[in-house]
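Please look over the model shown here. The report below walks through its confidence, fold, core, surface and charged pairs.

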Amino acid sequence: SVLSGCVGLVLVFMMYFQEGASWKFLFPYYCMCILATSAYTMVTYISALKQYKEVALVYAAGVAVIIPIFLVLYQWAGVHIISSIYWALVIGFFLINMLLVYCCLKAFGNPSNRYYEYLNYYKEYSFLVISGLLYIIGMYSSNVVYWFFSDMGAKVSIFRTAPNYDFAMFLGMLINLSAMVIFEVK
């Protein structure tokens, strides 16, 4: 959370000072950066216990809150559509995080004071760490090449994108998602 908060803060300041983005937009953007990262991290812990039903129910509860909040903000309160989406996501992901924390506490109990004991696993399973890192680098290095060195690349605010290639990569990842889930479960 601290690391994602620092990265998010750098992005927010860059968007504010380079692009002049409004703080009304940047504050929920920053919150989403932290909340989404925290939810992803906690899902990793819970999926290690193979509590997939709980994870699915937690996210279903979050979506059940996100949609009505968006409708209230956009339809009845007259909030701009992007702000409505971000605030609904912030509130929904906050609920998701609270429910995931509850699931983690239920599964693992209260935290101990041995915060860095997990680092021993990086040494013991260094091959998994290296292969996971190389997998991620291999998956995203082509995106970076298209973003910065192709004719399809475009600059959007402080970010670079290649919409056609990014969409194709998204579809490719969706297709491979089931294989990744099956691998993790087995």
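## Confidence

In which helix is confidence lowest, and in which element is confidence highest? Confidence is lowest in helix α7, residues 163–185, where the mean is 81. Confidence is highest in α3, at 92.

This is a predicted model. The average pLDDT of the protein chain is 87. A score of at least 70 is reached by 98% of the residues. A general caution applies: where pLDDT is low, predicted coordinates should not be read in detail.

## Overall fold

The protein chain holds seven helices and two strands. Their order along the sequence is α-α-α-α-α-α-β-β-α. The C-alpha atoms fill a box of roughly 45 × 45 × 35 Å along the principal axes.

The protein chain has 186 residues, and 23% of them count as buried. Among contacts with a separation of 6 or more, 58% join residues 24 or more positions apart. The exposed area is about 13300 Å². Carbon and sulfur atoms supply 72% of that area.

## The nonpolar core

The largest nonpolar core has 22 residues. Which of them touch the most other members? They are Met15, Ile46, Phe93, Ile96 and Leu100. Four elements give two or more residues each: α1 (2–19), α2 (23–48), α3 (52–76) and α4 (81–108). The top contributor is α2, with nine residues. As a general rule, nonpolar side chains tend to be buried together in soluble globular proteins.

Phe93 gives a close-up of the packing. Leaving out residues up to four places away in sequence, Phe93 touches Met32, Leu35, Ala36, Ala39 and Tyr59.

## A buried serine

Ser38 sits in helix α2. Is Ser38 buried or exposed? Ser38 is buried, because its relative accessible area is 14% and the cut-off for buried is under 20%. Beyond its neighbours within four places in sequence, Ser38 contacts Ser1 and Asn97.

## The nonpolar surface patch

Some nonpolar side chains lie on the surface instead. Tyr115, Tyr116, Tyr118, Leu119, Tyr121, Tyr122, Tyr125, Leu128 and Val129 form a nonpolar patch there. Together they have about 1000 Å² of accessible area. Helices α5 (119–124) and α6 (126–149) each supply at least two of the patch residues. The most come from α5, with three residues.

Tyr116 belongs to the loop between α4 and α5. Why does Tyr116 count as exposed? Its relative accessibility is 60%, and exposed means over 50%. Asn120 lies in helix α5. Asn120 counts as exposed too, because its relative accessibility is 52%. The C-alpha atom of Asn120 is separated by 34 Å from that of Val90, though the two residues are 30 apart along the chain.

## Salt bridges

How many salt bridges are there? The count comes to two. In general, side chains of opposite charge can pair when their charged atoms come close.

One salt bridge joins the side chains of Lys155 and Glu19, at 3.8 Å from N to O. This pair links distant parts of the chain: Lys155 is in strand β1 (residues 154–156), Glu19 is in helix α1, and they are 136 residues apart. Lys155 is exposed, because its relative accessible area is 52%. Glu19 is partly exposed, with a relative accessible area of 39%.

The other salt bridge joins the side chains of Lys106 and Glu54, at 3.2 Å from N to O. This pair also links distant parts of the chain. Lys106 is in helix α4 and Glu54 is in helix α3, 52 residues apart.

## An unusual backbone angle

Where is Ser157 found? Ser157 is in the loop between β1 and β2 (159–161). Phi of Ser157 is near 60 degrees, a positive value in a residue other than glycine. For context, most residues other than glycine have a negative phi. Ser157 is partly exposed, with a relative accessible area of 25%.

Conventions: Residues are numbered from 1 along each chain as its sequence is written. This is a predicted model: local features need pLDDT of at least 70, side-chain atom pairs count only at pLDDT 80 or more; totals for chains, interfaces and linings use all residues. Side-chain values use heavy atoms; hydrogens and water are left out. A nonpolar core is a set of buried Ala, Val, Leu, Ile, Met, Phe, Trp, Tyr and Cys residues joined through side-chain atoms within 4.5 Å. Buried means under 20% relative accessible area, exposed over 50%, partly exposed in between (1.4 Å probe, protein chains only). Contact means heavy atoms within 4.5 Å. Patches are made of residues with over 30% relative accessible area and no salt bridge: like charges are joined within 9 Å, nonpolar side chains (Val, Leu, Ile, Met, Phe, Trp, Tyr) within 5 Å. Accessible areas come from the Shrake-Rupley method with a 1.4 Å probe; for residues, only the protein chains shown count as cover. A salt bridge is a side-chain nitrogen of Lys or Arg within 4 Å of a carboxyl oxygen of Asp or Glu. pLDDT is the predictor's confidence in each residue, from 0 to 100.
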